[in-house]
Amino acid sequence: MPTLLVTSRPDDVAPIIHAQNVTLSGLFGRVVAGSNDSRYPEPGTILAGDLHRANGGFLIIDAEALVKREAVYEHLKACLLARAIQPHEEDEGPSLRIQPVELDVKVVLVADPDLIHQLQELDPEFSRLFKIRADFEDDMSFEEGLRVYPGVAAWLASNRGLSRCSRSAVAFLMQYGARLAEDQHRLTTNLGLLSDLITEATSLARDADEMTEEHLRAALRLIRDRQGQMRDRLLDLHRYGLIRVEVSGQSVGQINGLAVVSDGFQSVGRPSRVTAVTYAGSHGPLNIEREVEMSGPIHSKGVLILSGYLHDRFARDFPLSFGASVVFEQTYTPIEGDSASTAELFAILSSLSGVPARQDIGITGSVDQRGRVLPVGGINEKIEGFFEVCRAHALTGTQGVVIPESNVRNLVLGEDVLEAIAQGRFFIWPISTVEEGVELILGEPAGTPTEPEDEAAAFRYPERTVYGRVERRIARLRQLASPPRG
């Protein structure tokens, strides 16, 4: 007796099925076994799976859920290659044999690009079955956002029962979208986050005719306060001196580096003291985190790049004869990324030259071997994190952050930081080269190199400059490291 699996009318559009149960029975159907329970179909009844329902149309599958179940993944490939649906036979005993069902379906895998790349590398059949790749942008242009964001707000009001947004509210949503995209000229395409914010603000705007910018600002503060336990705990540790970060005065070989930590709900900027000690030796900068296996490969690479920069500036014709230890103080978790390489370099330069570094400045940015300062991520969180620590200790009017010049377009800062900048109580200094930052942080010019008239002296930088002091210190350390002649 034939079994009816799915029904459709001749004028129905092609079905679009999103697989929610990525299992053998969920995708390929199953045959009902014997049971005395009247709530279940009769034994031998064939139940349709999502592949049956999507036949003639489209099946959308979460690729990560699929590859976690190897048997499901392999059987799906077998069905696609054979262009027929066959329920999976889970055992070798007697079972009801089912005639294969002709299959004509387009399967759409939703996946992270890294997972797709791994599947292409490891599975030769993957590229045969999935030939078309469609990447979704994480952000959109500001001009496109002018059309999309008002439409999203109107759709949510009409279809989700949320408050209608005023023009000021839409403008704030676009500012919020730029913050999420970390770009003044682009907006996030993660419209779900906009929906979450509007939903939160709707409860605050119940008695109003429409939602305003102030409702959204208040809702954003509520969300941040609700998720701000880690931020508040870190600020208390700084405020009570349990995490030591100096935000005034000067110190030799010590710089405030900026990092970002996250608890999965909120990302928070965390200043950390980066200290350097230099001494006679021959192995150059030593990454203590790497020695104790707390340094990730990108961070270790950043330290090696510093060595290349120091060779280029001070040791082109002879070995770099000094030793240095560089460490993130009071950091007990693995360190990854190269965004602190400028802070590490300034700490080494301060230690080698003996020139104290300003402690009222936080520094972020990566650096290449030629001394160009390169952009980093999380720039807004890093600036706001240092600002919060400075404010917890009292703003002095001289504090601020040094950032890569190429990160300026990523600045979408909070109101309190912008207000302090406007009042001249906090500063942001963009730099494009290490030398630009040297005079700001160490208070002396780096120095312009010249070819020495006396080759025996071999000093390229003027004596009363930071690099001149570094050059002469390295020469003394080289003499100490050289074995005596006799």
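These legends go with a set of close-up views of a predicted model.

**View 1. The whole chain, before zooming in.** The protein runs to 486 residues, and 45% of them are buried. Its secondary structure comes to 18 helices and 20 strands. If you take contacts between residues at least 6 apart in sequence, 71% of them join residues at least 24 apart. The accessible surface adds up to about 26500 Å², with 51% of that belonging to carbon and sulfur atoms.

**View 2. A three-stranded open sheet.** Here 3 strands line up in the order 1-4-7, with parallel pairing, to make an open sheet. Strand 1 and strand 7 (106-110) are the edge strands, each pairing on one side only. From one strand to the next, the twist averages 20°. Zoom in on strand 4 (residues 58-62) and you'll find 5 bridges, in the parallel sense, to strand 7. To get your bearings on that pairing, look for I61, which stands opposite L109 in strand 7.

**View 3. A nonpolar patch on the surface.** Four residues, I16, F58, V108 and V110, make up this surface patch. Together they offer about 350 Å² of accessible area. I16 sits in strand 1 (residues 16-18). Its relative accessibility is 58%, so I16 counts as exposed, the cut-off being over 50%.

**View 4. Strand 14, covered on both faces.** All of strand 14 (residues 323-328) is under cover, with 6 of its 6 residues buried. In a regular strand, side chains alternate between the two faces of the sheet. Strand 14 shows G323, S325 and V327 pointing one way, while A324, V326 and F328 point the other way. Both sets are buried. Next to it, strand 12 (residues 267-279) pairs with strand 14 in the antiparallel sense over 6 bridges. A handy landmark is Y279, which stands opposite G323 in strand 14.

**View 5. A357 and its neighbours.** A357 belongs to strand 15 (residues 357-358). With a relative accessibility of 0%, A357 counts as buried. Leaving aside residues up to four places away in sequence, A357 touches G249, Q250, S251, V252, Q254, I255, S350, I441 and L442. Take Q254 from that list: A357 and Q254 are 103 residues apart in sequence, yet their C-alpha atoms are 6.7 Å apart in space.

**View 6. A salt bridge between two loops, E210 to R164.** The side chains of E210 and R164 meet here at 3.1 Å, N to O. E210 is in the loop between helix 9 (191-202) and helix 10 (213-226), and R164 is in the loop between helix 7 (142-159) and helix 8 (167-181), so this salt bridge ties together parts that are 46 residues apart in sequence. E210 is partly exposed, at 28% relative accessible area. R164 is exposed, at 51%.

**View 7. A buried pair, E381 and R179.** This salt bridge joins the side chains of E381 and R179 at 4.0 Å, N to O. The two residues come from distant parts of the chain, 202 residues apart: E381 is in helix 15 (residues 379-393) and R179 is in helix 8. Are the partners buried or exposed? E381 has a relative accessible area of 17%, and because buried means under 20%, E381 is buried. R179 is buried too, with 14%.

**View 8. R409 reaching D183.** In this view the side chains of R409 and D183 form a salt bridge of 2.9 Å, N to O. R409 lies in the loop between strand 19 (400-404) and helix 16 (415-422), while D183 lies in the loop between helix 8 and strand 9 (186-188). That puts the partners 226 residues apart, in distant parts of the chain. R409 is partly exposed, with a relative accessible area of 37%. D183, in contrast, is buried at 10%.

**View 9. A salt-bridge network.** Rather than a lone pair, this view has E74, K77, D123 and E125 linked in a network of salt bridges. For the protein, the count of salt bridges comes to 27.

Notes. Residues are numbered from 1 along each chain as its sequence is written. This is a predicted model: local features need pLDDT of at least 70, side-chain atom pairs count only at pLDDT 80 or more; totals for chains, interfaces and linings use all residues. Side-chain values use heavy atoms; hydrogens and water are left out. Patches are made of residues with over 30% relative accessible area and no salt bridge: like charges are joined within 9 Å, nonpolar side chains (Val, Leu, Ile, Met, Phe, Trp, Tyr) within 5 Å. Accessible areas come from the Shrake-Rupley method with a 1.4 Å probe; for residues, only the protein chains shown count as cover. Helices (H or I, at least four residues) and strands (E, at least two) are DSSP runs, numbered from the N terminus. Buried means under 20% relative accessible area, exposed over 50%, partly exposed in between (1.4 Å probe, protein chains only). Two strands pair if DSSP finds at least two bridges between them. Axes are lines fitted to C-alpha atoms, for helices over the stretch in contact, and angles run from 0 to 180 degrees between N-to-C directions. Contact means heavy atoms within 4.5 Å.
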